Amino acid sequence: MDLRMRVPLFLLCLPAVLCYNATALERRPQTVLEDVVQTFFQMREEAVRVREEAQLIREEGYEALRKAYDVKESVNEDRDEIQTLLIDTLTLLKNQILSSNLYIQEMKTALTGISSRMESVEKSISEIEQNQIEQSERVDSGLAVTETVNSRLQAWMSEVRLISLFKMADQNNPHPSYGTGVLTDGQFMMSGHVHLGMSTHSHTNSKIVDNKIWITLGGLFRIHRVHIWNYRNCCQEQLVGTHVYADKTLLGTVIQAKNFHDFLVTEDTPTYAHNITLHQPLAQHLHPLEVQVWGSGPFNEDDLFA
């Protein structure tokens with residue numbers, strides 16, 4: 001029982017005990033006195049015991065207070081540490097938030113700039129696409145015109161015509177009285193002289209091996225036909241054996257004596273040349289009346305309509 005409860009109970013009981021003992025003392029003086037003394041000592045012992053318990057309780061209270069103080073000190077230390085930690089954490093968080101805000105602001109500014117540039121790029125792309133459409137339309141129109149012009153050029157250049165008329169002619173063994181210009185002048189109806197000193201055919205100077213006469217066409221032409229008008233008054237056999245070349249391509253060889261010789265180039269073997277050459281490998285004269293070359297062109301070396 002707690003000391004605060006024990007002491008009042010003792011005081012309450014004491015009058016009753018004394019009264020009882022007084023009554024008993026009247027009856028039995030000696031016995032009552034002994035009882036009183038014995039009761040007194042018992043009560044004193046009880047009081048000592050109570051005091052000891054009170055002292056023990058007080059010591060326990062002091063110990064509890066000391067422990068509570070220690071706990072309080074520990075709690076205060078922990079609180080200070082936690083408070084310091086919280087302050088540091090909050091400061092760090094605040095700095096992080098400020099840094100994040102600055103970074104977000106920079107990102108926002110950068111995104112705004114990127115958005116502006118993207119709008120500019122999209123506008124440029126739109127303009128480029130529009131320009132491409134316009135250029136494509138112009139290219140298509142130009143291609144159509146080019147195809148038309150190309151078609152017309154092909155039609156014009158594919159026309160087979162006399163391409164040797166009035167072209168330059170030469171020979172390797174020239175005669176002093178016979179020129180080569182008559183080979184391409186278009187006059188081949190008359191074989192003899194119209195009047196003295198006016199020849200209608202060419203003539204080499206002598207009968208030697210490899211007499212040659214050639215016509216320079218003045219460009220690269222596609223050759224379709226070479227027509228040779230032979231001298232008709234006499235000596236037609238002297239043309240036999242003559243090779244006819246378009247540049248280095250052999251078109252044919254004269255194999256018999258007659259008024260004219262025709263060398264036709266087939267469509268499946270297109271032939272292009274700058275020169276037409278008559279080459280007599282035998283020791284004979286060359287005296288043709290006219291050499292007519294039929295063809296189309298001229299063409300560039302890298303633009304052949306074969």
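## A walk through a predicted model

D247 is found in the loop between β4, which covers residues 243–246, and β5, which covers residues 249–253. The model that places D247 there is a predicted one, and this residue is a useful place to start reading it. D247 has a positive phi of about 55° although it is not a glycine, and because its relative accessible area is 29%, D247 is described as partly exposed. A second residue of this kind is F166, whose phi is near 60°, again a positive value in a residue other than glycine. F166 has its place in the loop between β1 (161–162) and β2 (168–171), and with a relative accessible area of 64%, F166 is exposed.

Before going further, it helps to ask how confident the predictor is. Across the protein chain the average pLDDT is 83, and 86% of the residues score at least 70. The confidence is not even along the chain, however: among its elements, β4 has the highest mean pLDDT, at 98, while helix α1, made of residues 3–27, has the lowest, at 51. Over residues 1–7 the pLDDT stays under 50, and for this stretch the model has 8 contacts beyond four places in sequence. Where pLDDT is low, the predicted coordinates should not be read in detail.

Two histidines come next, beginning with H279, which lies in strand β7. The relative accessible area of H279 is 15%, and because buried means under 20%, H279 counts as buried. Its side chain makes a polar contact with the side chain of D210, at 2.8 Å. If the neighbours within four places in sequence are left aside, H279 is in contact with D210, N211, K212, G241, T242, H243 and Y245.

The other histidine, H287, lies in the loop that runs between β7 (271–280) and β8 (290–299). H287 counts as buried too, because its relative accessibility is 5%. The side chain of H287 reaches the backbone oxygen of C235 at 3.5 Å, and C235 also appears in the list of residues that H287 contacts once its neighbours within four places in sequence are left aside, together with H201, S202, H203, N230, Y231, C234 and Q238.

What can be said of the aromatic rings? The structure holds 3 aromatic pairs. One of them is formed by F40 and F41, an edge-to-face pair with 5.9 Å from centre to centre and 70° between the planes. With a relative accessibility of 39%, F41 counts as partly exposed. In another pair, the ring centres of Y272 and F299 are 5.5 Å apart and their planes stand at 80°, so this pair is edge-to-face as well. The pair links distant parts of the chain, since Y272 belongs to strand β7 and F299 to strand β8, with the two residues 27 apart. Both Y272 and F299 are buried.

Strand β8 holds one further detail, for P298 has its place in this strand, and the peptide bond that leads from G297 to P298 is cis, with omega near 5°. Elsewhere in the chain, a ring is met by a charge: the charged end of K258 sits over the ring of F260, at 6.0 Å from the centre of that ring.

Notes
Residues are numbered from 1 along each chain as its sequence is written. Side-chain values use heavy atoms; hydrogens and water are left out. Helices (H or I, at least four residues) and strands (E, at least two) are DSSP runs, numbered from the N terminus. Buried means under 20% relative accessible area, exposed over 50%, partly exposed in between (1.4 Å probe, protein chains only). A polar contact is a pair of N or O atoms within 3.5 Å; within protein, one must be able to donate a hydrogen and the other to accept it, and residues adjacent in sequence count only if both atoms are side-chain atoms. Contact means heavy atoms within 4.5 Å. Rings of Phe, Tyr and Trp (its six-membered ring) pair if their centres lie within 6.5 Å; planes under 30 degrees apart count as stacked, over 60 as edge-to-face and the rest as tilted. A charge sits over a ring if NZ of Lys or CZ of Arg is within 6 Å of the ring centre and within 35 degrees of the ring normal. pLDDT is the predictor's confidence in each residue, from 0 to 100.
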